[in-house]
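Visitor: I'd like a quick tour of the backbone oddities and charge pairs in this one. Can you take my questions as they come?

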Amino acid sequence: MQLQQLQYFVAVAETRHFTRAAEVVHVAQPSLSQQIKALERELGADLFLRARGNITLTDAGEALLPLARRILADADTARHEVQELAQLRRGRVRLGATPSLCTGLLPDVLRAFHDRYPGIQLLIEEGGSHDLVRELARGALDLALVVLPLPTASPALTTVELLREDLVVVSSPEAPRPGGGRRAVRITDLEGERLVMFRHGYDLRELTVAACRSAGFEPDFAVEGGEMDAVLGFVRAGLGMAVVPRMVAARSGRGLRVTPLARPGLHRTIALAHRSDVAPPRAARELQRMLLER
């Protein structure tokens, strides 16, 4: 018994016409009839009652029809699953992320993904959440790690919360301790301190400036306009202190003093976003799964 024979049998059963069934499965009608007869010989029973202009199923045909449909459906599922797995041998994933997440969260996850799927090319685009949302909307990215809430509401995007991360204050070990040496500093302790500040459009810049203003003062910038690596380098050099994610501080190695913020502190919510109207490619869905299960 061959899958092709079952496909022809189901086509005849559904159309109740050999010629129309042949058109449905794109085969010549004599070939279809021969395969149906071969299937009947294999099973030892007639499947159709053939009368001029009237094709009906025999009892054997009625019994075979649901089984044939199930077999064909299972075969299609198997084919689809194997093809999707085969696609993970090559291809690409276009992932957007804020620079701090590229430094803190992504290295370990991307290493695990690359170890499992070495044939998949990873294309990473760094940017602020606003820029990444725009790139997602125009189809230039498959997935993006963004900071919630989004700069502008976007019903065309689906977001799944990934983690809620504390922010900490980093400073040079050679500089005076922030907050007079307390184990945890308050936002108000940053008043009058020289801060190393990220460029405009950076989520961390906007969050830090908003927190300072909410505490009743304008932050004082020693240096501004840098990306994450530059900001950390300026802090190590003693130019000032900065507010950064805890994961970034933990991965930044020596040369930085890390001081937590006193309760309620500062936090940010990271989410994984993709377009709602287009399913991400198979490889991107696998990376999404690994990020959510990390």
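What follows is a chat about backbone angles, accessibility and salt bridges.

Visitor: Before we dig in, what kind of model is this, and what pLDDT do local features need?
Guide: Residues are numbered from 1 along each chain as its sequence is written, and side-chain values use heavy atoms, with hydrogens and water left out. This is a predicted model in which totals for chains, interfaces and linings use all residues, side-chain atom pairs count only at pLDDT 80 or more, and local features need pLDDT of at least 70.

Visitor: Which residue precedes Pro149 across a cis peptide bond?
Guide: Pro149 sits in the loop between strand S5 (143-148) and strand S6 (157-171); strands here are DSSP runs of E with at least two residues, and helices are runs of H or I with at least four, both numbered from the N terminus. Omega is near -5 degrees for this cis bond, and the residue ahead of Pro149 is Leu148.

Visitor: And what is omega for the cis bond between Arg263 and Pro264?
Guide: Look in the loop between strand S10 (257-260) and strand S11 (267-275), where you'll find Pro264. The peptide bond joining Arg263 to Pro264 is cis, with omega about 5 degrees.

Visitor: Is His26 buried or exposed?
Guide: His26 is in the loop between H2 and helix H3 (29-43), and despite not being a glycine it has a positive phi of about 60 degrees. The cut-offs on relative accessible area are under 20% for buried, over 50% for exposed and partly exposed in between, with a 1.4 Å probe and protein chains only. His26 has 73% relative accessibility, so the label is exposed.

Visitor: What is the relative accessible area of Arg16?
Guide: Arg16 belongs to the loop between helix H1 (3-15) and helix H2 (18-25). Its phi is positive, near 55 degrees, and Arg16 isn't a glycine. Arg16 counts as partly exposed, because its relative accessible area is 36%.

Visitor: How many salt bridges are there?
Guide: The rule asks for a side-chain nitrogen of Lys or Arg within 4 Å of a carboxyl oxygen of Asp or Glu. Side chains of opposite charge can pair when their charged atoms come close. By that rule the count is 21.

Visitor: How far apart in sequence are the parts that Arg69 and Glu14 tie together?
Guide: The side chains of Arg69 and Glu14 form a salt bridge, 3.2 Å from N to O. Arg69 is in helix H4 and Glu14 in helix H1, so the parts tied together are apart in sequence by 55 residues.

Visitor: Which residue is the buried partner of Arg116?
Guide: Arg116 is partly exposed at 48% relative accessibility, and its salt bridge has closest N and O atoms 3.6 Å apart. Arg116 lies in helix H6 (residues 106-116) and its partner in helix H11 (residues 282-293), so the pair links parts 170 residues apart in sequence. At 7% relative accessibility, the buried partner is Glu286.

Visitor: How close do the N and O atoms of Glu135 and Arg138 come?
Guide: Glu135 counts as buried at 9% relative accessibility, whereas Arg138 is exposed at 58%. The two form a salt bridge, and the closest N and O atoms are apart by 2.9 Å.

Visitor: Last one: which residues does the salt-bridge network join?
Guide: Salt bridges that share partners make a single network here. The residues joined are Arg116, Arg282, Glu286, Arg289 and Glu293.
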